[in-house]
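User: I would like to go through the reasoning behind the labels on this model. Please set each value against its definition.

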2 protein chains.
Amino acid sequence: MGGQGGGPGAPRAVDVARLAGVSQKTVSRVFNGERYVSAEVRERVLRAAEGVGYRLNGAARALASGRTRSIGVVTLGTALYGPASLLICIERAARDAGYALRVVNTLEGDPAGVAGAVESLLEQGVDGIVVSEPIDEGSVSLSVDIPVLVLGAPAAFGGPRAVAAGVGAESLARAATEHLLDLGHVTVHHLAGPQRWFAARDRLQGWRAALAAREREQPPVIEGDWSASSGYTAGHELAAAGDVTAVFAANDDMAVGLIRALLEAGLRVPHDVSVVGFDDIPVSAYVTPPLTTVRQPFDAVAREGLRLLVQAIEKPDAEPAPAGDPPVELVVRASTAPPPTGGGRPAPGSRDSAHAPPTTAD
Amino acid sequence: MGGQGGGPGAPRAVDVARLAGVSQKTVSRVFNGERYVSAEVRERVLRAAEGVGYRLNGAARALASGRTRSIGVVTLGTALYGPASLLICIERAARDAGYALRVVNTLEGDPAGVAGAVESLLEQGVDGIVVSEPIDEGSVSLSVDIPVLVLGAPAAFGGPRAVAAGVGAESLARAATEHLLDLGHVTVHHLAGPQRWFAARDRLQGWRAALAAREREQPPVIEGDWSASSGYTAGHELAAAGDVTAVFAANDDMAVGLIRALLEAGLRVPHDVSVVGFDDIPVSAYVTPPLTTVRQPFDAVAREGLRLLVQAIEKPDAEPAPAGDPPVELVVRASTAPPPTGGGRPAPGSRDSAHAPPTTAD
DNA sequence: TTGAAAGCGCTAACAT
DNA sequence: ATGTTAGCGCTTTCAA
């Protein structure tokens with residue numbers, strides 16, 4: 001059970017082999033789950049290995065086989081709910097697929113950025129790379145010849161051997177907007193995320209698509225920076241505008257700031273203005289009023305994306321199976337209601353549930 | 001500039017050497033920044049390397065040198081603000097110290113848990129391990145003989161070669177509690193985190209210490225699970241109790257749920273009940289009322305911890321310099337005020353700022 | 001200041 | 001079903 005590090009003196013396969021009375025290659029076979037090892041020999045080898053505290057040496061394995069069995073992740077160094085959640089799901093999906101994870105963060109505004117991060121991963125040694133929710137820092141063309149999975153951005157972003165998967169942000173944004181239109185709002189304002197983020201652009205597109213589909217006017221877009229503070233500023237602007245009955249915010253943090261500003265301006269939510277967020281952060285069911293929002297299918301997307309990536313690694317020739325559309329999950333709570341004067345079709349029953357117990361529609 | 005993967009055919013040091021007209025060893029010297037390479041030769045080598053798109057092979061390097069130049073992190077697979085933020089700071093600190101990161105998540109309640117994660121890191125090859133905010137799953141004694149940094153738990157947790165660092169949760173909790181006592185509250189209730197978490201225990205201890213120092217009664221502790229939902233439940237219990245004027249919640253999520261329940265019970269915050277949270281999550285300045293909370297010095301702690309770890313890796317004999325106490329940062333907003341009837345000393349001026357603009361005392 | 005030789009611990013290809 | 005022989009691409013001696 002002892003944990004001999006990788007240091008000198010650590011037991012090697014040949015030590016195990018000697019102890020078990022077999023060749024070193026047989027030990028290798030056992031530890032790689034190869035066929036053609038009798039149950040009896042396998043048993044003997046495993047016992048010997050445990051006896052000396054043997055552990056495979058990843059570096060030697062990688063050097064000899066040319067495969068590292070690890071995947072590199074380039075992600076933005078931010079605790080924002082979305083990216084953080086996605087990283088966790090990627091780790092689990094990778095582990096389930098038998099790959100370890102190497103992680104490099106990039107900073108927003110970093111000149112070297114994604115390209116530098118990829119370079120460092122390549123040097124460390126990875127079989128594939130996940131570029132998670134990159135932001136558009138200008139033309140960063142990666143020329144890598146290992147497979148790359150681009151999560152939440154165009155596959156073109158990742159070079160020749162790239163596959164892509166997305167959370168379906170556009171569909172989610174569309175669903176959020178449609179929810180408001182369905183309630184009878186004539187149009188919906190949008191508090192967008194920073195447009196250098198593909199994630200923010202997708203949400204903007206979804207909002208546009210929903211309005212366009214019903215031939216509604218598209219009010220001018222306000223751009224925030226994901227922070228509650230920027231939502232707060234936007235909220236005061238919108239309150240001053242006066243003609244706002246519904247807002248779709250590109251994330252929950254901004255929605256919270258927005259709602260606060262509206263309340264301060266004397267507007268009631270949802271009675272006067274309805275607000276929908278995006279993310280379903282942990283507190284969103286308990287803020288006042290509980291926030292209607294959409295939930296991103298991180299787990300499904302990470303799993304699906306890694307399936308594609310692993311396939312590209314292990315079966316480079318196989319046709320990449322198309323990624324299925326991830327599910328759309330709208331969580332209706334108390335921050336949305338029909339417009340005050342029935343701006344559109346009269347909606348069925350109004351409510352003011354600022355103090356109603358939070359509900360989650362799962 | 002091209003990105004030859006690690007695949008076969010990738011340029012090796014010997015190719016660069018040939019091109020530059022030097023020995024392979026000299027190339028190695030250049031890329032390791034060793035002395036005794038003339039500026040002219042170095043220049044020639046670098047040019048040749050760039051010409052063929054050479055990149056060091058991490059696996060070969062690790063195998064030959066016995067050092068991987070990477071650090072493994074064992075962290076809980078959760079998007080909770082604290083752990084997620086800490087991970088980001090660890091990555092940056094590691095990178096700044098010249099180490100790459102391998103990450104393995106554990107799941108709460110996983111039987112294999114931390115031990116399994118450590119085992120997998122050891123097999124992949126790391127020079128040191130960071131165990132970040134572990135939870136106590138029973139006696140998990142790690143016997144590893146590479147250095148281990150335990151973040152937010154007793155060093156004993158990490159075996160013989162362990163060093164430890166903490167965010168100073170106890171001091172932070174104590175400051176939060178004292179803030180309430182200073183406002184004149186006779187005592188402070190505590191909504192604790194799950195006690196399997198060391199982080200939760202530390203906060204509980206800090207709260208106890210603050211009350212004990214002033215010889216105040218310690219009301220029964222309510223234990224939540226970090227979620228806003230558990231805070232909500234606790235809030236209804238506390239509202240029913242009737243004699244509560246101040247609550248210290250072990251994180252902001254629970255504080256938000258708690259406040260919502262209090263509001264529903266007809267209690268005003270902070271007029272009737274003051275609430276302090278823990279974390280300073282992104283929305284905390286914009287919820288209603290803006291939340292008074294404490295901020296954890298993640299960056300300082302990660303940096304300090306990694307300094308210790310790297311020292312243990314690179315200079316095993318040097319005495320580990322003691323970790324300095326991290327700073328305590330209390331962020332006073334509008335969720336705290338003197339008690340309604342002046343439970344203690346009459347406090348200077350009361351306020352009800354449920355709708356006041358959020359303020360952050362930095 | 002530079003070079004030559006000998007492994008690091010494993011997997012791959014080819015025996016048997 | 002098992003063993004033998006060569007490397008993988010570096011770093012580490014040691015020599016020049």
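Analyst: Start with the interface. Chain A and chain B bury about 4900 Å² between them, and carbon and sulfur atoms give 56% of that area. Buried area is the accessible area (1.4 Å probe) that two parts lose on being put together, summed over both. In chain A, Arg55(A), Arg260(A) and Tyr286(A) lose the most area to chain B, together 15% of what that side buries. Two notes on conventions. This is a predicted model, where local features need pLDDT of at least 70, side-chain atom pairs count only at pLDDT 80 or more, and totals for chains, interfaces and linings use all residues. Residues are numbered from 1 along each chain as its sequence is written, chains are lettered from A and ligands numbered from 1 in the order in which they are written, and side-chain values use heavy atoms, with hydrogens and water left out.

User: How many residues does the contact take from chain A and from chain B?

Analyst: Chain A gives 63 residues and chain B gives 63 residues. Contact means heavy atoms within 4.5 Å.

User: What makes Arg55(B) and Glu119(A) a salt bridge?

Analyst: The definition asks for a side-chain nitrogen of Lys or Arg within 4 Å of a carboxyl oxygen of Asp or Glu. The closest N and O atoms of Arg55(B) and Glu119(A) are 2.8 Å apart. That distance meets the cut-off, so the pair is a salt bridge. Side chains of opposite charge can pair when their charged atoms come close. The count between chain A and chain B is two salt bridges, while the whole structure holds 41 over all chains.

User: Why is the link between Arg55(A) and Glu119(B) called a polar contact?

Analyst: The term needs a pair of N or O atoms within 3.5 Å; within protein, one must be able to donate a hydrogen and the other to accept it, and residues adjacent in sequence count only if both atoms are side-chain atoms. The side chains of Arg55(A) and Glu119(B) are joined at 2.8 Å. The distance is within the limit, so the polar contact stands. Across the interface, 14 residue pairs are in polar contact, both residues at pLDDT 80 or more.

User: Which element gives the largest share of the side of chain A that touches chain B?

Analyst: H5(A) does, with eight residues. Residues on that side divide into 34 nonpolar, 18 polar and eleven charged. Here Ala, Val, Leu, Ile, Met, Phe, Trp, Tyr, Cys and Pro count as nonpolar, Asp, Glu, Lys and Arg as charged, and the others, Gly among them, as polar.

User: How do you know that S2(A) pairs with strand S2 of chain B?

Analyst: Two strands pair if DSSP finds at least two bridges between them. Three bridges join S2(A) to strand S2 (residues 100-106) of chain B, and the strands run antiparallel. Three meets the threshold, so they pair. Leu101(A) stands opposite Val103(B). Helices (H or I, at least four residues) and strands (E, at least two) are DSSP runs, numbered from the N terminus.

User: What makes Arg55(A) buried, and where is Arg55(A) found?

Analyst: Buried means under 20% relative accessible area, exposed over 50%, partly exposed in between (1.4 Å probe, protein chains only). Arg55(A) has 11% relative accessibility, so this residue counts as buried. Arg55(A) is found in the loop between helix H3 (39-52) and H4 of chain A.

User: Are Asp272(A) and Arg268(A) buried or partly exposed?

Analyst: They fall in separate classes. Asp272(A), at 16%, is buried; Arg268(A), at 43%, is partly exposed. Their salt bridge has its closest N and O atoms 3.2 Å apart.

User: Why are Arg303(A) and Asp299(A) about one helical turn apart?

Analyst: Because they sit four residues apart in helix H11 (residues 298-314) of chain A. Their side chains meet in a salt bridge (3.5 Å, N to O). Arg303(A) is partly exposed at 35%, and Asp299(A) is partly exposed at 32%.

User: What about Arg307(A) and Glu304(A)?

Analyst: Their side chains form a salt bridge at 3.0 Å, N to O. Both lie in helix H11 of chain A, three residues apart, about one turn of the helix. Arg307(A), at 37%, is partly exposed.
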